[in-house]
Amino acid sequence: MQMKTGVEQSIYAMLLLTFLPDKGVLPGEFISQQLGASPTYFQKLLRKLVHADLLMSVPGAKGGFRLKASPEQIRVFDVYEAIEGKQSLYASSGVFEDLMGIQNQNICLLSDLMAEAEQSWQSTLKRETIDSIRREIYLNCPPDHLTKLQSLIEEKMIRN
């Protein structure tokens with residue numbers, strides 16, 4: 001299993017938005033530049049996050065993006081699901097049934113195991129929020145780097 005880079009980029013984009021004051025927005029182009037993402041691809045990610053009610057899009061020349069809810073309310077799982085969708089990570093291809101010649105009996109030895117693993121993984125992502133990751137930034141990043149990032153965001157943000 002491998003997550004798309006879009007999930008990682010989306011989570012970090014949301015973390016950038018936590019540095020904004022009320023009514024501030026960041027242009028999508030600025031966010032994509034900071035994350036080293038293709039602007040065209042990144043716009044698609046931002047649209048998915050807006051559609052999932054995680055981001056608010058402010059149109060126009062003074063437009064941009066901001067969080068739609070507080071960082072404490074946005075779970076990492078919500079971001080994952082907005083980008084990857086709601087499909088299960090595992091779907092039996094019927095290899096075992098074909099091997100044993102039991103195609104009509106609907107037996108898959110891995111389905112329960114994979115469902116349990118997926119539930120555990122989802123539980124972890126549901127427990128963590130954008131705010132819990134933001135707190136880790138403050139614990140693990142040098143303060144001067146945070147100050148520099150905050151200054152850059154304040155310089156590029158648009159007040160509405």
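In this predicted model, the axes of helix H4 (residues 76-84) and helix H6 come within 5 Å and cross at roughly 115°. Val76, Phe77 and Tyr80 of H4 make this contact with Trp121, Gln122, Leu125 and Lys126 of H6, and by class these residues divide into five nonpolar, one polar and one charged. The two helices belong to a chain of 160 residues, of which buried residues make up 38%, and whose secondary structure comes to eight helices and four strands.

**Overall arrangement**

- Read from the start of the sequence to its end, the elements of the chain follow the pattern α-β-α-α-β-β-α-α-α-α-α-β.
- Among the contacts in the chain with a separation of 6 or more, 70% are accounted for by residues 24 or more positions apart.

**Around H4 and H6**

- Phe77, Tyr80 and Trp121 are linked by ring pairs into a cluster, and these three residues also take part in the contact between H4 and H6, with Phe77 and Tyr80 on the H4 side and Trp121 on the H6 side.
- Ser123 lies in helix H6, which spans residues 111-127, and with a relative accessible area of 39% Ser123 is partly exposed.
- Although Ser123 and Phe77 are 46 residues apart in sequence, their C-alpha atoms are 8.4 Å apart in space.

**The crossing of H2 and H3**

- Helix H2 (residues 28-35) and helix H3 (residues 39-51) have axes that come within 9 Å and cross at roughly 115°, and the two helices are therefore roughly perpendicular to each other.
- The crossing of H2 and H3 is right-handed.
- On the H2 side the contact involves Gly28, Glu29, Ile31, Ser32 and Leu35, which meet Pro39, Phe42, Gln43 and Leu46 in H3; by class, the residues of this contact divide into five nonpolar, three polar and one charged.

**The crossing of H1 and H7**

- The axes of H1 and H7 come within 10 Å and cross at roughly 75°, so that H1 and H7 are roughly perpendicular to each other.
- From H1, the residues Ile11, Met14 and Leu15 contribute to the contact, and from H7 the residues Ile130, Ile133, Arg134 and Ile137 do so; the class count for this contact is six nonpolar, no polar and one charged.
- Arg134, which is placed in helix H7, counts as buried because its relative accessibility is 19%, where the cut-off for buried is under 20%.
- Leaving aside neighbours within four places in sequence, Arg134 is in contact with Leu15, Thr18, Pro71 and Glu72, and Leu15 is also one of the H1 residues in the contact of H1 with H7.

**Aromatic pairs**

- A search of the whole structure finds three aromatic pairs. One of them joins Phe19 and Tyr138, whose ring centres are 6.2 Å apart and whose planes stand at 40°, so this pair is tilted.
- The pair of Phe19 and Tyr138 links distant parts of the chain, since Phe19 is in the loop between helix H1 (5-17) and strand E1 (24-25) while Tyr138 is in helix H7 (residues 130-140), with their positions 119 residues apart in sequence.
- The two partners fall into separate accessibility classes: Phe19, at 7% relative accessibility, counts as buried, whereas Tyr138, at 47%, counts as partly exposed.

**Gly63 and its surroundings**

- Gly63 is found in the loop that runs between strand E2 (55-58) and strand E3 (64-67), and at a relative accessibility of 11% Gly63 counts as buried.
- Not counting residues up to four places away in sequence, Gly63 touches Val25, Pro27, Val58 and Ile158.
- Of these partners, Ile158 is 95 residues from Gly63 in sequence, and the C-alpha atoms of the two residues are 7.3 Å apart in space.

Conventions
Residues numbered from 1 in each chain as written. Predicted model: local features only at pLDDT ≥ 70, side-chain atom pairs only at ≥ 80, totals over all residues. Heavy atoms only, no water. Axes fitted to C-alpha atoms, helices over the stretch in contact; angles between N-to-C directions. Parallel < 35°, antiparallel > 145°, perpendicular 65-115°, else oblique. Left-handed = near helix turned anticlockwise from the far one by under 90°. Contact = heavy atoms within 4.5 Å. Nonpolar A, V, L, I, M, F, W, Y, C, P; charged D, E, K, R; others polar. Phe/Tyr/Trp six-rings, centres within 6.5 Å; stacked < 30°, edge-to-face > 60°. Buried < 20%, exposed > 50% of the residue type's maximum accessible area, 1.4 Å probe, protein only.
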